[in-house]
Amino acid sequence: MPMSEEPQISTGPGWTTDGLPACTVGMDLLRRFQAVRPNDYAFLKVQDFADLGASAFDGILEWDAFTGHCATCEDCKERRSA
Ligand SMILES: [Zn+2]
């Protein structure tokens, strides 16, 4: 089965394909967060991406994996500062 390149995020912030907050790797981590914790994911707001360290989701394993990636990924940094 081929992996879909399209983001499948249907809840939480309304990302457009051009306005994703992270690179492919980051979005994979974000989708894992969505898959494991759909209830938490539904409460994600755009502001959580503007200030990752101050998010209420701090301490959630999957979210920390995402923010950990974003902290070291130039691509993600650029997307979030654009
Ligand atoms: Zn990245």
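I count two residues as in contact if their C-beta atoms, placed from the backbone, lie within 7 Å. I kept that in mind while browsing this predicted model.

**Confidence**

I looked at confidence before anything else. The protein chain has a mean pLDDT of 80, and 77% of its residues reach 70 or more. Element by element, I found the highest mean pLDDT in α4, at 94, and the lowest in α3, at 79.

**Helix α1**

I checked the length of α1, residues 24-36. Its 13 residues should span 18 Å at 1.5 Å a residue, and the end C-alpha atoms are indeed 18 Å apart, so the two agree.

Which residues of α1 are buried? I listed G26, M27, L29, L30, F33 and Q34. They take up an arc of only 155° around the axis, which means they sit on the same side of α1. The spacing makes sense to me: an α-helix has 3.6 residues a turn, so residues three or four places apart point the same way.

I then turned to the face of α1 directed away from the buried side, and there I met the exposed residues T24 and A35. As for what covers the buried residues of α1, I noted α2 (38-41), α4 and α5 (74-81) among the elements included.

**Residue G53**

My last stop was G53, in the loop that runs between α3 (46-50) and α4 (61-72). Is G53 buried or exposed? I counted 8 other C-beta atoms within 10 Å of G53; the cut-off for exposed is 12 or fewer, so G53 is exposed. I also looked up its distance to G68: the two are 15 residues apart in sequence, and their C-alpha atoms are 9.6 Å apart in space.

Terms used: Residues are numbered from 1 along each chain as its sequence is written. This is a predicted model: local features need pLDDT of at least 70, side-chain atom pairs count only at pLDDT 80 or more; totals for chains, interfaces and linings use all residues. Helices (H or I, at least four residues) and strands (E, at least two) are DSSP runs, numbered from the N terminus. A residue is buried if 20 or more other C-beta atoms lie within 10 Å of its own, exposed if 12 or fewer, and partly exposed in between; C-beta atoms are placed from the backbone. The expected span of a helix is 1.5 Å times one less than its number of residues. The arc is that of the directions from the helix axis to the C-beta atoms. pLDDT is the predictor's confidence in each residue, from 0 to 100.
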